[in-house]
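Here is a short briefing to keep beside the viewer while you look around. Have a look at the sequence and the coordinates, then read on.

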Amino acid sequence: MDMTAWIERWGEAAVLAMGGLVLGFGFGFFGQRSKFCLRAAVIEFWHRRFGDKLAVWLLAFSTAVVAVQGMILLGWLDVSSARQLASRGSLSGALVGGLLFGLGMVMTRGCASRLLVLSANGNLRALLSGLIFAVTAQASLSGALAPWREAVSSWWVVEGGPSRDLLALIGGGPKVGLLFGLVWMAAALWFAVRSGWSFWKWVGGAATGLMVALAWWFSYQVMTHSFEPVQIQGMTFSGPSAEWLMRVLAEPGKPWSFGLGLMPGVFLGSLAGALVGREWKLEGFGGAYTMPRYIVGAILMGFGSMLAGGCAVGAGVTGGAIFALTAWVTLVGMWVGGGVADRLIDRPHPRAATAVPAGAEPARAP
């Protein structure tokens, strides 16, 4: 791959956008085929039903960790300048944002990336939730909700560098990170074998995580071959959602970026996956009472993602794979917040226990 020739011919912005489009297509396709979803994994975990949904998420997460730490050991990747490690962060924002995001993703029945995947499959509930998520994310970034985000973020601040690097804090390095990823991969494979996985569960779960790792590698390659300073970045959906919203509503004056290419790539990849699996189906709201739930959930996710500095993929997998401290705090918050929301909102009433099996998900869940 002659990255320098591509950059000379097309420019950094165009190369980043094309990389986002290609990797986004892969993420959308394999994510759709494997049903990759943090919300579904969280519910299985809290219901103590360690099955295929938890295994898919664990396989994708562990693959991303193993691939990223492996590339760092081989000298193919350096993430020390990544925003999640090098710049100042907020532990209070990570924790509160993660909790709010976890609540929201259970209410909307999908995280930010899952909503985009489902939208391409004809799910109008996911489409509406995704639009509200993008509006809220932009309002939290530089609009009416920005003062609240800044206030919460100021409660507990952590400086960039070793203070924000979880591996540095525990006295480890890439080898420790690689070992950690392999342990979780073994756990994912154990759950997968017990669940009797199909081909797409195995391949799709691993390939989804690999797309996250390749996003780091591709961005790093562009940075090292660029003639001008370029920020290394990973795969995330909160920031790009807000970017696309402003690009549609305002005059598109900003140059293209990795995130702007990522969003349509995921949509097209998911659409292709749905067509291959014959799963495309136009779906709306099952009843009027569900719409407020989706709206409130999308608002919580949009604000929570900007407060935490990333969504379930951006913080949970992308940031988790480089062992950013705030990303891991966010991820824990998402799992706890999702469990709380499931307990308070989706658990069946005791009287309905005989009609609905304990731990069963609602029939209309996407």
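The notes below cover confidence, one enclosed helix, the loop after it, the nonpolar core and a helix pair.

Please bear in mind that this is a predicted model. The protein averages a pLDDT of 86, and 92% of the residues score at least 70.

**Where to be careful**

- Over residues 349-366, pLDDT stays under 50.
- The model has 20 contacts beyond four places in sequence for residues 349-366.
- Where pLDDT is low, the predicted coordinates should not be read in detail.

**Helix 7, wrapped by its neighbours**

- Helix 7 spans residues 112-120, and nine of its nine residues are buried, so the helix is largely enclosed by the rest of the structure.
- If you would like to select them, the buried residues are A112, S113, R114, L115, L116, V117, L118, S119 and A120.
- These buried residues pack against helix 2 (12-34), helix 6 (91-107), helix 8 (124-142), helix 14 (258-276) and helix 15 (290-308).

**Just past helix 7**

- G122 comes just after helix 7 and takes a positive phi of about 95°.
- N123 sits in the loop between helix 7 and helix 8.
- Is N123 buried or exposed? With a relative accessible area of 3%, N123 is buried, because buried means under 20%.
- N123 and L282 are 159 residues apart along the chain, yet 5.8 Å separates their C-alpha atoms.

**The largest nonpolar core**

- The largest nonpolar core has 76 residues, and those with the most contacts inside it are F27, W57, F101, M235 and F237.
- Helix 4 (residues 52-74) gives the most to this core, contributing 14 residues.
- M235 is worth a closer look: setting aside neighbours within four places in sequence, M235 is in contact with L23, F27, M211, V212, A215, F258, L262, V313, G314 and T318.

**Helix 13 against helix 14**

- Helix 13 (residues 238-249) packs against helix 14 at an angle of about 90°, and their axes are 9 Å apart.
- How are the two helices oriented to each other? Angles of 65 to 115 degrees count as roughly perpendicular, and helix 13 and helix 14 are therefore roughly perpendicular to each other.
- On the helix 13 side, the residues that meet helix 14 are P240, S241, E243, W244 and R247; their partners in helix 14 are G259, L260, M263 and P264.
- The residues of this contact divide into five nonpolar, two polar and two charged.

Key. Residues are numbered from 1 along each chain as its sequence is written. This is a predicted model: local features need pLDDT of at least 70, side-chain atom pairs count only at pLDDT 80 or more; totals for chains, interfaces and linings use all residues. Side-chain values use heavy atoms; hydrogens and water are left out. Buried means under 20% relative accessible area, exposed over 50%, partly exposed in between (1.4 Å probe, protein chains only). Helices (H or I, at least four residues) and strands (E, at least two) are DSSP runs, numbered from the N terminus. Contact means heavy atoms within 4.5 Å. A nonpolar core is a set of buried Ala, Val, Leu, Ile, Met, Phe, Trp, Tyr and Cys residues joined through side-chain atoms within 4.5 Å. Axes are lines fitted to C-alpha atoms, for helices over the stretch in contact, and angles run from 0 to 180 degrees between N-to-C directions. Angles under 35 degrees count as roughly parallel, over 145 as roughly antiparallel, 65 to 115 as roughly perpendicular and the rest as oblique. Ala, Val, Leu, Ile, Met, Phe, Trp, Tyr, Cys and Pro count as nonpolar, Asp, Glu, Lys and Arg as charged, and the others, Gly among them, as polar. pLDDT is the predictor's confidence in each residue, from 0 to 100.
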